[in-house]
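Let's take a walk through this fold, sheet by sheet and helix by helix. Have the structure open as you read.

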Amino acid sequence: MTAVLKVDPLKITFDGIHARIAPSKTLDNLRIAVDALKKDQVVAFPTETVYGLGASCQSTPGVQGIYAAKNRPADNPLIIHVSSREQLETTLLQSVPSPKIPPIYVPLIEKFWPGPLTILLPLPENTTISPVCTLGQSTFGVRVPANPIARALIEMSNLPLAAPSANASTKPSCTTAQHVFNDMRDRIPFIIDGGPADIGVESTVVDGLVSPPQILRPGGVTLEQIREIGGSAWKNVVIAKPNAKENEKVRTPGMKYRHYSPQAYVTVFQPGAEHKLVDFVRNRKATKVAYLRSKTFPKSAFAGLENVQVYDMPLGTTNKDISHNLFNYFREADSLGVDLIIVEGIDVTEEGLAIMNRIHKAAGEIVEAI
Ligand code: TXA
Ligand code: MG
């Protein structure tokens with residue numbers, strides 16, 4: 001049985017780093033979730049990027065429960081969510097001499113925490129983080145989520161939470177509690193429903209421990225923002241190569257796996273190639289097509305296709321809208337039984353870099369310009 005706990009983010013305020021919640025259903029439900037986490041159970045919760053599947057990172061049974069629920073390969077480490085930099089320093093870095101956080105990260109975390117930025121830190125020698133969370137890496141990934149429900153949950157439980165995205169492995173990440181329910185029903189005891197995720201794609205993962213520093217996964221914080229805010233060390237930041245060999249340890253998220261994939265075949269449509277659309281759909285023998293667009297629907301480009309149902313799925317026109325809606329439409333297409341998803345490609349500037357990264361992953365890197 002999976003229970004859905006409704007929590008209203010507007011009922012949560014912060015006094016510095018401390019959550020303040022008046023007696024309410026929101027408080028009662030958060031307490032239920034906190035109790036479950038303290039008992040090594042897995043709880044799904046909203047973050048500003050996507051929903052996460054959380055358990056105490058210090059609990060091996062808890063973290064094992066996450067892998068089991070997701071059916072996630074056990075060589076892909078989990079990121080840890082803390083409620084504040086203070087909590088990170090006192091619970092996970094207490095044995096580390098000052099400065100506990102390498103100075104290269106300071107301008108970034110001062111600007112982007114709480115928010116969609118995950119940093120890699122050296123794993124302290126006598127760490128309390130469960131080894132099943134870090135899986136033999138010498139580093140761990142950590143972030144402070146901006147969503148008030150996530151921060152309150154972590155603060156109230158005083159547990160740093162390991163939390164991957166709450167989708168079943170290989171499926172698109174979940175941006176609503178309903179998506180989580182569809183994937184996790186009867187696999188976890190509780191899902192906190194705090195409304196749709198704001199950003200819609202995952203956090204940016206950066207490694208400042210190597211030179212030049214790297215973006216391991218583009219996400220909610222953009223490359224341009226990192227270059228602008230990070231100071232001189234981040235001016236030369238590089239984007240890590242997206243593929244790993246069979247036996248390589250995972251350095252870049254999801255390098256080895258087809259990720260974020262709907263069941264339907266995904267392809268990218270380069271604007272300007274409309275005249276090729278009809279042949280492409282026919283060749284794939286598609287009968288239900290979802291057209292995910294940021295421009296005007298090219299109705300005439302589909303003319304002449306018989307017995308093909310085309311669903312018009314407007315992602316929105318701004319990068320923010322597109323990232324907010326992308327995974328939702330991937331899932332919607334699957335629930336409609338679509339066999340071909342065509343996505344309009346967008347520029348890889350600003351949020352477009354993370355968006356196109358997710359689209360390429362969904363396409364299993366097999367992207368066809370049609
Ligand atoms: O926005 C997000 O980051 C969401 C929400 C729930 O916070 N979480 C998320 O987690 O996307 P997950 O596990 O799906 O992706 C985290 C990625 C993994 O693919 C993993 O490869 C990478 O971060 N990662 C974690 N620890 C790492 C480490 N020590 N070194 C390199 N990559 C690491
Ligand atoms: Mg994920």
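## Ground rules

Helices and strands here are DSSP runs, at least four residues of H or I for a helix and at least two of E for a strand, numbered from the N terminus. With that in hand, P212 can be placed in the loop between strand 11 (204-207) and strand 12 (214-217). Keep in mind that this is a predicted model.

## The eleven-stranded sheet

Start with the open sheet of eleven strands. In what order do its strands run? The order is 1-10-4-5-9-6-8-7-11-12-13, and the pairing is mixed. Strand 1 (3-6) and strand 13 (238-239) sit at the edges with a single partner strand each, so one side of each has no neighbour in the sheet.

Zoom in on strand 4 (residues 43-45) and strand 5 (residues 52-56): they run antiparallel and are joined by three bridges. In that pair, F45 faces G52 of strand 5. Helix 6 (residues 148-157) packs on this sheet, where it touches strand 4, strand 6 (80-81), strand 9 (161-162) and strand 10 (190-193). The direction of helix 6 makes about 145° with that of strand 4.

## Helix 1 against helix 6

Helix 6 also has a helical partner. Helix 1 (residues 25-38) packs with helix 6 at an angle of about 55°, and their axes are 9 Å apart. Angles between 35 and 65 degrees fall outside the parallel and perpendicular classes, and helix 1 and helix 6 are therefore oblique to each other. The crossing of helix 1 past helix 6 is right-handed.

Which residues make the contact? From helix 1 come L30, A33, V34, L37 and K38, and they meet A152, L153, M156 and S157 of helix 6. Sorted by class, that contact of helix 1 with helix 6 has seven nonpolar residues, one polar and one charged.

## What UniProt adds

An unreviewed UniProt entry puts a feature called "domain: YrdC-like" at residues 27-221. Over residues 27-221 the chain is 31% helix and 18% strand, with the end C-alpha atoms 31 Å apart.

UniProt, again in an unreviewed entry, lists T49, H81, R143, A163 and S203 under "binding site". Why can these be said to gather at one spot? They span 155 residues in sequence, yet no two of their C-alpha atoms are more than 12.5 Å apart, so they do come together. One of them, T49, lies in the loop between strand 4 and strand 5.

## The four-stranded sheet

Further along the chain there is another open sheet, this one of four strands in the order 14-17-15-16, with parallel pairing. Its edge strands are strand 14 (265-269) and strand 16 (309-314), each pairing on one side only. From one strand to the next, the twist averages 20°.

How many bridges join strand 14 to strand 17 (residues 340-344)? There are five, and the two strands run parallel. Among the residues involved, T267 has I342 in strand 17 as its bridge partner. Helix 10 (residues 319-335) packs on the sheet and touches strand 15 (288-293), strand 16 and strand 17. Its direction makes about 170° with that of strand 15.

## Helix 10 against helix 11

Helix 10 has a helical partner too. The axes of helix 10 and helix 11 (residues 352-362) come within 9 Å and cross at roughly 20°. That makes helix 10 roughly parallel to helix 11, and helix 10 passes helix 11 in a left-handed crossing.

On the helix 10 side, the contact uses N319, I322, S323, L326 and F330; on the helix 11 side, G352, A354, I355, R358 and A362. The residues of this contact of helix 10 with helix 11 divide into six nonpolar, three polar and one charged.

## Backbone oddities

A few spots deserve a closer look at the backbone. W113 and P114 are joined by a cis peptide bond with omega about -5°, and P114 sits in the loop between helix 4 (106-112) and strand 7 (117-122). The peptide bond from S211 to P212 is cis as well, with omega near -5°. As placed at the start, P212 belongs to the loop between strand 11 and strand 12.

Then there's T170: its phi is positive, about 80°, although T170 is not a glycine. Where is T170 found? In the loop between strand 9 and helix 7 (177-184).

Note on methods
Residues numbered from 1 in each chain as written. Chains lettered and ligands numbered in written order. Predicted model: local features only at pLDDT ≥ 70, side-chain atom pairs only at ≥ 80, totals over all residues. Pairing = 2+ DSSP bridges. Contact = placed C-beta atoms within 7 Å. Axes fitted to C-alpha atoms, helices over the stretch in contact; angles between N-to-C directions. UniProt positions renumbered as here; feature names shortened; annotations may be inferred. Parallel < 35°, antiparallel > 145°, perpendicular 65-115°, else oblique. Left-handed = near helix turned anticlockwise from the far one by under 90°. Nonpolar A, V, L, I, M, F, W, Y, C, P; charged D, E, K, R; others polar.
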